[in-house]
Amino acid sequence: MGLKTYLLALVKPKPKVKKQELAPYLQSVVDAAPSFREIAKRNDMGISSKEEGIFAMAAIRKSERLQQCTVTSLRSAFIHIATVGLTLNPAYAYCYLVPHGSEAVLYVSYKGLTKLATDTGAVNSAVADIVRANDEFVFNGKYDKVTHKFKPQGNRGEIIGAYCMARLHDGTIMSEWMDKTQIDKCRDAAKTKKVWDMWYEEMAKKSVIKRASKTWPKSARTERLDNVVSFMNDYEGIDTDKSDDTGEPVLLFSDAQIADLKKLLTSVGHKHPDRQLNNMARSMGHEDITQVPSDSFEKSKNMLLAGLSRLASVGK
């Protein structure tokens, strides 16, 4: 090769390498990332579109049925992760992408439900389990712990029901029980029986958690849990049995009620109303002021007035 030819070769533009295109079902995750980030940021979820995108693509690559789902449903399912605020990380087993016919949906496990319950402040902790015919089991009432003993080895018998126990922030125990007949009613109401056929125990635990959540304390923060339960009911079956309902859900202090109490404190020159309100809530057995039942408003107001009156008398 002559020098001239060699120099021309150096300056000759190199042919552009065509960028490898992603399959449409993977591209759907990439396209959904901007919406994912916007929702996660707006709701302060603390999850990354990049990390969740990696988990989502790995799940789709492993499942031919997910690859056959519509691009629109895959995109929506991925964005739903940002709304729910749970990670697809398989190490935690909080949620999964699951094919439902030609549509992909976000499936939240019973572990994910309990995580949402604690994250949103509905309860301090929660546990659900299956009960079998040969287990020693006693349901001691809605406001007491259940007694559940069994031998890990040996035949425990057929499934006869499931229970959920939750501890509220003030230490109160709330328990819920569903027998197999009630659980099967939820299954029969589901749009698809496949998830029930594959993971009956998992679905039974989720059913009793969903029923229990109806009577857990409610606030603006717990709306995320309620929305997830409502969404799941569309696919997994809703609990329509009202025969053992024990009452209305416990409503917590509203923003307006908290604002009124803050106004009362600031009107007398209190510089740290939030701290004072949280101290009062803890003296009543609650984690903070947002966890106090709304029907305790007058009691709380009277406690503050009494405290302010004592301070005024000391200052004289």
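These are my notebook entries on a few helices, cores and ring pairs in this predicted model.

**Ground rules**

I number residues from 1 along each chain as its sequence is written. Because the model is predicted, local features need pLDDT of at least 70, side-chain atom pairs count only at pLDDT 80 or more, and totals for chains, interfaces and linings use all residues; side-chain values use heavy atoms, with hydrogens and water left out.

**Entry 1: helix α2**

I started with α2, residues 24-42 (helices are DSSP runs of H or I with at least four residues, strands are runs of E with at least two, and both are numbered from the N terminus). This helix has 19 residues and reaches 28 Å from first C-alpha to last, close to the 27 Å expected at 1.5 Å a residue. The expected span is 1.5 Å times one less than the number of residues.

Where does α2 kink? I found a kink of about 40° at Ala 33, shortly before the proline Pro 34. The bend here is the angle between axes fitted to the seven residues ending at a residue and the seven starting there.

Next I looked up burial (buried is under 20% relative accessible area, exposed is over 50%, partly exposed is in between, with a 1.4 Å probe and protein chains only). The buried residues of α2 include Leu 26, Val 29, Phe 36 and Ile 39. Ser 35, also in α2, has a relative accessible area of 23%, so I put it down as partly exposed. Asp 31 of the same helix is partly exposed too, at 42%.

I then checked two C-alpha distances. Ser 35 and Ala 82 are 47 residues apart in sequence but 8.8 Å apart in space. Asp 31 and Arg 75 are 44 residues apart in sequence and 7.5 Å apart in space.

**Entry 2: helix α11**

For α11 (residues 255-266), the 12 residues should span 16 Å, and the end C-alpha atoms are indeed 16 Å apart. Which residues of α11 are buried? I noted Gln 257, Ile 258, Leu 261, Leu 264 and Leu 265. Seen down the axis, they fall within an arc of 115°, so they line one face of the helix. The arc is taken from the directions from the helix axis to the C-beta atoms. On the other side, Asp 255 and Lys 263 are exposed.

**Entry 3: the cores**

A nonpolar core is a set of buried Ala, Val, Leu, Ile, Met, Phe, Trp, Tyr and Cys residues joined through side-chain atoms within 4.5 Å. The largest one has 62 residues, and Leu 97 and Trp 216 are among those that touch the most other members. Helix α5 (residues 71-84) gives the most to this core, with 7 residues. I also found a second, separate core of 12 residues, which includes Leu 265 and Phe 297.

**Entry 4: rings**

Rings of Phe, Tyr and Trp (its six-membered ring) pair if their centres lie within 6.5 Å; planes under 30 degrees apart are stacked, over 60 edge-to-face, the rest tilted. How many aromatic pairs does the whole structure hold? The search gave me 7. Tyr 107 and Trp 199 make a tilted one, 5.8 Å centre to centre with 45° between the planes. Tyr 107 is in strand β2 and Trp 199 in the loop between α8 and α9, so this pair ties together parts 92 residues apart in sequence. Tyr 107 counts as buried at 5% relative accessibility, while Trp 199 counts as partly exposed at 36%. Ring pairs link Tyr 96 with these two into a cluster.

Last, I looked for charges over rings (NZ of Lys or CZ of Arg within 6 Å of the ring centre and within 35 degrees of the ring normal). The charged end of Lys 206 sits over Tyr 107, 3.9 Å from the ring centre, and Arg 156 lies over the face of Phe 150 at 3.7 Å.
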